[in-house]
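Subject: Structure handover and notes

Hello,

The structure is inserted below, and my notes on it follow. Please read them with the model open.

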Amino acid sequence: MSNESRDAAMAMDDKHDAQRAPLNAPASPQPVSSRRVRIALVAGEASGDGLGAGLIRALRARYPDAQFAGIGGDAMRNAGCETWFDASELALMGLAEILRHLPRLLKLRKAFRQRVLDWQPDVFIGIDAPDFNLGVEKWLKQRGLRTVHYVSPSVWAWREKRAEKIGASADMVLCLFPMEPPIYARHGIDARFVGHPMADEIPLESDCQQAREALNIPQSAPVLAVLPGSRLGEVSRLGPPFFAAAWQLCEHKRDLHIVVPAANAKCKAMITEQIHAAALPSARVHLLDGRAREAMVTADVVMLASGTATLETMLVKRPMVVGYRVSELTYRIVSALGLIKVNRYALPNVLAGKDLAPELIQHDCTPDNLAAAVQQWFEHPESVSALQDDYVRLHQQLRQDASARAADAVAGLLETPASKGQP
């Protein structure tokens, strides 16, 4: 809902700009081989900032004198990117917040894309943040600049036709998952699977003993990690059923420890209230500031919200139970319009093409169902062992040295003679 509202407003702004501004590109720059390479990038949140930093380092290995500029955070700055605006200026959540900041966002976008055009980079790379980046990419592409979109939106899950819009914006799409390029190929769009940086970063074997020592959790105790989301809306919907399920499990397993990482201070305050309301035994609850991966590694089982955290749990090789709820109105609209095109939601299940983790979505996401699914993992260690081969296979499939492969793809684009009308 919020993304669509922002998309619509920015699209209207684009239309007005198109009526005012000609599409004539400035004079073509010198060939890449005869001058310093210029690369413009945008990352709008912490994950994108990390991806951008890795890509910058990999590109600098190929172009030591390259110049990097755009929008990013500390990681990209430390990698040598000049940031004209900070990534935090794009990191907004919720319809009310977006509407309140929309005039500023439109003004920022207009100033930024003109600065990029004046700077005349050899390529513009938008990292995730599709609501901001796709519009910038399209505007720049229409004016003769090469454009790349790094991190495909979830076209495999819903609105496959959106691939056509992305193709109108980007000359190339760099994908984190192997099922994505074939979707773009159906629409004649150049998309490359580069792997997932998280798979490069996480070892094939994670040390549970070391993680428990760091968090002062008994080595022999059964441990459940509970991750109800990283946003207040998610926590408000998922915290109550998750912690009610955890209470049931504590009643059944008197030595069970519960580890709960909170994404930020606001989430921590809400989670604290929810834990108190669920009457969980305080001596066996470990509420953490961040440290989500450590929480996963300590656990025998993870109960978590659907999202990227399911991929991380898979990479640390832990069994999981996945739950998710959206507002009832959103659920009815999405269901009525048939927007969701998949039968599986959790990334490990999608990647495997089979059910590695139970998924309890919307009305199925109840304390009883969650507790029963978690209990199954505790009671059947042979099922946990059976997961490991699939987990390792998927980890190795995603472990492709993503930053280097992404840099190779960008370098290939830079070294390819431009088509007519491009610089």
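One residue to start with is Gln362, which sits in the loop between β13 (359–361) and α16 (367–379). The model is a predicted one, and in it the phi of Gln362 is near 55°, a positive value in a residue that is not glycine. Gln362 has a relative accessibility of 6%, so it counts as buried. A second non-glycine residue with positive phi is Ala279, at about 60°. Ala279 belongs to the loop between α11 (265–277) and β10 (285–289).

Overall composition

The chain has 423 residues, and 51% of them count as buried. Its secondary structure comes to 18 helices and 13 strands. Among contacts with a separation of 6 or more, 71% are between residues 24 or more positions apart.

The sheet

Six strands form an open sheet with parallel pairing, in the order β10-β9-β8-β11-β12-β13. β10 and β13 are the edge strands, each pairing on one side only. On average, neighbouring strands in this sheet are turned by 15° against each other, with direction ignored.

Strand β9 (residues 257–262) has pairings with both β8 and β10 in the order given above. With β10, the pairing of β9 is parallel and runs over five bridges. Two of the residue pairs are Val259 with His286 of β10 and Val260 with Leu287 of β10. On the other side, three bridges join β9 to strand β8 (residues 223–227), again in parallel. There, Leu224 has Ile258 of β9 as its bridge partner.

The connections on either side of β9 are both of the β-α-β kind. β8, helix α10 (residues 232–252) and β9 make a right-handed unit, and β9, α11 and β10 make a right-handed unit as well.

How enclosed is β9 by the rest of the structure? Six of its six residues are buried, so β9 is largely enclosed. The side chains of a regular strand alternate between the two faces of the sheet. In β9, His257, Val259 and Pro261 point one way, while Ile258, Val260 and Ala262 point the other way, and all of these are buried.

A loop residue beside these strands

Ile217 lies in the loop between α9 (208–215) and β8. Is Ile217 buried or exposed? At 5% relative accessibility, with the cut-off for buried at under 20%, Ile217 counts as buried. Leaving aside neighbours within four places in sequence, Ile217 is in contact with Arg212, Val223, Val259, His286 and Thr298. Two of these contacts, Val259 and His286, are also bridge partners of each other across β9 and β10. The C-alpha atoms of Ile217 and Ile258 are 9.7 Å apart, with the two residues separated by 41 positions along the chain.

Helix packing

Helix α13 (residues 308–315) lies across β11 (301–305) and β12 (320–324), and runs at about 165° to β11. α13 also packs with helix α17 (residues 381–398), at an angle of about 110° and with the axes 9 Å apart. The two helices are therefore roughly perpendicular to each other. From α13, the residues involved are Leu311, Met314 and Leu315, and these meet Tyr391, Leu394, His395 and Leu398 of α17. By class, this contact has six nonpolar residues, one polar residue and no charged residues.

α17 also meets α16: their axes come within 5 Å and cross at roughly 85°. That makes α16 roughly perpendicular to α17. Trp377, Phe378 and Glu379 of α16 make the contact with Pro381, Ser383, Val384 and Leu387 of α17. By class, there are five nonpolar residues, one polar residue and one charged residue in this contact.

For a first look, I would suggest β9 and its two pairings, with β10 and with β8, followed by the contacts of α17 with α13 and with α16.

Regards

How values were computed. Residues numbered from 1 in each chain as written. Predicted model: local features only at pLDDT ≥ 70, side-chain atom pairs only at ≥ 80, totals over all residues. Heavy atoms only, no water. Helix = DSSP H or I, 4+ residues; strand = E, 2+ residues; numbered from the N terminus. Buried < 20%, exposed > 50% of the residue type's maximum accessible area, 1.4 Å probe, protein only. Pairing = 2+ DSSP bridges. Axes fitted to C-alpha atoms, helices over the stretch in contact; angles between N-to-C directions. Contact = heavy atoms within 4.5 Å. Parallel < 35°, antiparallel > 145°, perpendicular 65-115°, else oblique. Nonpolar A, V, L, I, M, F, W, Y, C, P; charged D, E, K, R; others polar. Right-handed = clockwise from strand over helix to strand, strands pointing away.
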